[in-house]
Amino acid sequence: GEFHRWACEDRAWEGRPVPSGHAGPVADVAWHKDGVCVSVSADQTARVLAPKGAHRDYFEVARAQIHGHDLTSVVFLPSK
């Protein structure tokens with residue numbers, strides 16, 4: 001799997017930096033209201049991406065180690 005991100009700058013579309021993707025098919029993605037993204041995959045990993053900088057380019061901030069089985073879903077739970 002692979003992420004692609006585009007931004008329109010002065011009426012022209014530009015590719016923006018993105019972290020590398022999963023080694024297997026992405027099964028689910030969850031977005032937090034603060035812009036954090038978590039993806040899970042058949043490669044048995046979860047990746048956490050967060051925006052940074054003026055263009056809010058996404059960077060990988062965490063990658064859980066192999067879980068021993070394919071991951072199929074992810075969700076953010078509400079906090080109190």
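User: Before we start, what do buried, partly exposed and exposed mean here?

Analyst: Buried means under 20% relative accessible area, exposed means over 50%, and partly exposed is in between, using a 1.4 Å probe and protein chains only. Bear in mind that this is a predicted model, where local features need pLDDT of at least 70, side-chain atom pairs count only at pLDDT 80 or more, and totals for chains, interfaces and linings use all residues. Residues are numbered from 1 along each chain as its sequence is written, and side-chain values use heavy atoms, leaving out hydrogens and water.

User: OK, why is Trp-31 called exposed?

Analyst: Its relative accessibility is 52%, and exposed means over 50%, so Trp-31 counts as exposed. Trp-31 lies in strand 3, a strand being a DSSP run of E with at least two residues, numbered from the N terminus.

User: And what makes Ala-27 partly exposed?

Analyst: Ala-27 comes in at 42%, in between the 20% and 50% limits, so partly exposed is the label. Ala-27 also sits in strand 3, which covers residues 26-31.

User: How do you know that Ser-41 is buried?

Analyst: The relative accessible area of Ser-41 is 0%; buried means under 20%, so Ser-41 qualifies. You'll find Ser-41 in strand 4, residues 37-41.

User: What does Ser-41 touch, leaving out residues up to four places away in sequence?

Analyst: Contact means heavy atoms within 4.5 Å. On that basis Ser-41 touches His-22, Gly-24, Pro-25, Val-26, Ala-27, Asp-70 and Leu-71. With that same sequence neighbourhood left out, Ala-27 touches Val-40, Ser-41, Leu-71 and Thr-72.

Technical notes:
Helix = DSSP H or I, 4+ residues; strand = E, 2+ residues; numbered from the N terminus.
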